[in-house]
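Student: I'd like to learn how to read a structure like this one. Could you walk me through a few of its features?

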Amino acid sequence: MLDDQGAQIPLSPPADAPVDAPRAPRTASADALVRVRRVSSRYGAVRALRDVTLDVVAGEVVAVMGRNGAGKSTLLAHLAGLHAPERGEVLVVGRRPHTLPARTLVRSVGLVPQDPGLLLY
């Protein structure tokens, strides 16, 4: 993720963080249910994501936080198969979500939009 000046924001605490600081579990990427590798994406001339890498393992709770325009919704849209990455790889349960038929995708991924009016009741 990038801050508002375009600098990379680390997705885990620094190595010198206090011992009791929460840390993401370290695991082989083969164990990850969600695997994002060096994903970049843009909307026209606007860069939304730049070289994002992330693993999420079973049972892990992840919060995606940041300022407006930081790329949070874009990252989640990639995980939900709504966008194909410009560069890099997104895998959910070992499959590329943007290539899956909707019927297959909904069995692995769900996304609640920011605007509840977009929900199909």
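Tutor: Sure! Keep in mind that this is a predicted model. Let's start with Ser 41, which sits in strand β1, residues 32-43.

Student: Is Ser 41 buried or exposed, and how do I tell?

Tutor: You look at the relative accessible area, and buried means under 20%. Ser 41 comes in at 6%, so it counts as buried.

Student: Which residues does Ser 41 touch, leaving out those up to four places away in sequence?

Tutor: With those left out, its contacts are Arg 47, Ala 48, Leu 49, Thr 74, His 78 and Glu 86.

Student: What does strand β1 pair with?

Tutor: Its partner is β2, residues 46-57; the two run antiparallel and are joined by eight bridges. As an example of who faces whom, Val 36 stands opposite Leu 54 in β2.

Student: And what goes on in the hairpin of β1 and β2?

Tutor: There are two residues between the strands, and Gly 44 in this hairpin takes a positive phi near 65°.

Student: Now a loop, please. Where is Ala 80?

Tutor: Ala 80 lies in the loop between α1 (72-79) and β3 (87-92). Use the cut-off again: Ala 80 has 10% relative accessibility, so this loop residue is buried.

Student: Which residues does Ala 80 touch, again skipping those up to four places away in sequence?

Tutor: Ala 80 touches Pro 97, Leu 105, Val 109 and Leu 111. You can check a distance too: Ala 80 and Val 90 are ten residues apart along the chain, and their C-alpha atoms are separated by 9.9 Å.

Terms used. Residues numbered from 1 in each chain as written. Predicted model: local features only at pLDDT ≥ 70, side-chain atom pairs only at ≥ 80, totals over all residues. Heavy atoms only, no water. Helix = DSSP H or I, 4+ residues; strand = E, 2+ residues; numbered from the N terminus. Buried < 20%, exposed > 50% of the residue type's maximum accessible area, 1.4 Å probe, protein only. Contact = heavy atoms within 4.5 Å. Pairing = 2+ DSSP bridges.
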